[in-house]
Amino acid sequence: MNGELHVFNSTDELFHAAAAKFVEAARSAVTARSRFTVALAGGGTPQTLYELLATEPYRSQVEWSKVEWFWGDERAVGPDDPESNYRMARLALLSQIDADASRVHRLRGEAEPLTAAADEYERELVRVFGTPADGPPPSFDLVLLGMGGDGHTASLFPFTAALDEQKRWVTVNDVPQLNARRLTMTYPLLNAAASVVFLVTGVGKAKVLREVLKGPHDPRRLPSQAVRPAGSLHWYVDHPAAGQLE
Ligand code: 6PG
């Protein structure tokens, strides 16, 4: 199996553990480098985590002014669209802890063309991490990811072109399954992370989780399988989602 599996008795326990993990990663990064770089997951699952981080005892344990906020992916929508991953995190956490706007690095899903937003995000990564554009991808202190019922993560969907991207750090991905275009971090960037945490809950994810963690390596069909970070990989899973794992 790829990574360390943590099965929790309830989603409540899972999100408290995930909040503690976020705090621990933030505190050690700030102690070591006076900042914490994090790529947030979108979708529905992480919202509870973000809301929890805005409350005690977690809220007062993070130096929020030292956090550099990024997103692993974004829909092709503006920041106020109900579909926006940025909007979800802003409402659940960033607005609650009064995040430093200069450190909130939003993927501009409204950009025309959308590729301009991917180019711009790569330039922002170069600027914030201080890495050369033609060098290796920067290493996030923490990347949070969800996983869809089809095994996708971020906006790396089965059999889509972004799965093959080995040079760019951020790209536009055409997702025929959704009849949509998405912005997404690519495997080179995700896999450069010091720590990656997947958050997977609910019985609806049980079958795909078994395939991803225990089945044959088939990352074109199960893109989450190709998340193999240089650093640590943790799967935070509740009992229902773990129901088909031995
Ligand atoms: C998105 C997410 C996506 C999400 C999975 C799981 O933009 O939708 O980045 O990768 O993590 O689809 O979504 P849920 O957590 O809502 O099941």
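## The β6–β7 hairpin

V170 sits across from M185, a residue of strand β7. That pairing belongs to a predicted model, so treat what follows as a reading of a prediction. V170's strand is β6, residues 170-175, and β6 runs antiparallel to β7 with 6 bridges joining the two. Together β6 and β7 make a hairpin, with 4 residues in between. One of the turn residues, N179, has a positive phi of about 55°.

Strand β7 covers residues 180-185 and also has β4 as a partner. Strand β4 is residues 73-75, and 3 bridges hold β4 and β7 together in an antiparallel arrangement. Within that pairing, E74 has L183 of β7 as its bridge partner.

## D73 and R182, two buried charged residues

Start with D73, which belongs to strand β4. D73 counts as buried because its relative accessibility is just 5%, and the cut-off for buried is under 20%. As for who does the touching, D73 has contacts with G42, N85, L107, A154, S155, R182, L183 and T184, leaving aside residues up to four places away in sequence.

R182 turns up in that contact list, and R182 is part of strand β7. R182 is buried too, at 9% relative accessibility. Leaving out residues up to four places away in sequence, R182 touches D73, E74 and R75, and also L114, S155, F157, T171, V172, N173 and V175. There's also L156 to look at: R182 and L156 are 26 residues apart in sequence, and their C-alpha atoms are 9.0 Å apart in space.

## β8, α6 and β9

Now for another part of the fold. Strand β8 (residues 195-200), helix α6 (residues 206-214) and strand β9 (residues 232-238) are worth taking together. In that order, β8, α6 and β9 build a right-handed β-α-β unit. The two strands of the unit, β8 and β9, pair in the parallel sense over 6 bridges. If you want a landmark there, F198 is opposite W235 of β9.

How well covered is strand β9? Mostly covered: of its 7 residues, 6 are buried. Helix α6 has buried residues of its own, namely A206, V208, L209, E211, V212 and L213. And what covers those residues of α6? The cover includes β1 and β9.

## Strand β1 and its nonpolar patch

Strand β1 (residues 4-8) is the other partner of β9, with 5 bridges and a parallel run. For a landmark in this pairing, look at E4, which stands opposite H234 in β9.

V7 is also in strand β1. At 38% relative accessible area, V7 is partly exposed. Along with M1 and L5, V7 makes a nonpolar surface patch of about 240 Å².

## Salt bridges

Across the whole structure, a search turns up 19 salt bridges. One of them pairs the side chains of R33 and D141, with N to O at 2.5 Å. R33 is in helix α1 (residues 11-33) while D141 is in the loop between α4 (114-129) and β5 (142-145), so this pair ties together parts 108 residues apart in sequence. D141 is a buried partner, with a relative accessible area of 10%.

Then there's E83 with R75, where the closest N and O atoms are 2.9 Å apart. What's the exposure of each? E83 is partly exposed at 45% relative accessible area, whereas R75 counts as buried at 16% relative accessibility. There's a network as well: R106, R108, E110 and E120 are joined into one by salt bridges that share partners.

K66 and E63 make another side-chain salt bridge, at 3.2 Å from N to O. Here K66 is partly exposed, with 24% relative accessibility, and E63 is partly exposed as well, at 43%.

Notes
Residues numbered from 1 in each chain as written. Predicted model: local features only at pLDDT ≥ 70, side-chain atom pairs only at ≥ 80, totals over all residues. Heavy atoms only, no water. Patch = residues over 30% accessible without salt bridge, like charges linked within 9 Å, V, L, I, M, F, W, Y side chains within 5 Å. Areas by Shrake-Rupley, 256 points an atom, 1.4 Å probe, with all protein chains shown as cover. Salt bridge = Lys/Arg side-chain N within 4 Å of Asp/Glu carboxyl O. Buried < 20%, exposed > 50% of the residue type's maximum accessible area, 1.4 Å probe, protein only. Pairing = 2+ DSSP bridges. Right-handed = clockwise from strand over helix to strand, strands pointing away. Contact = heavy atoms within 4.5 Å.
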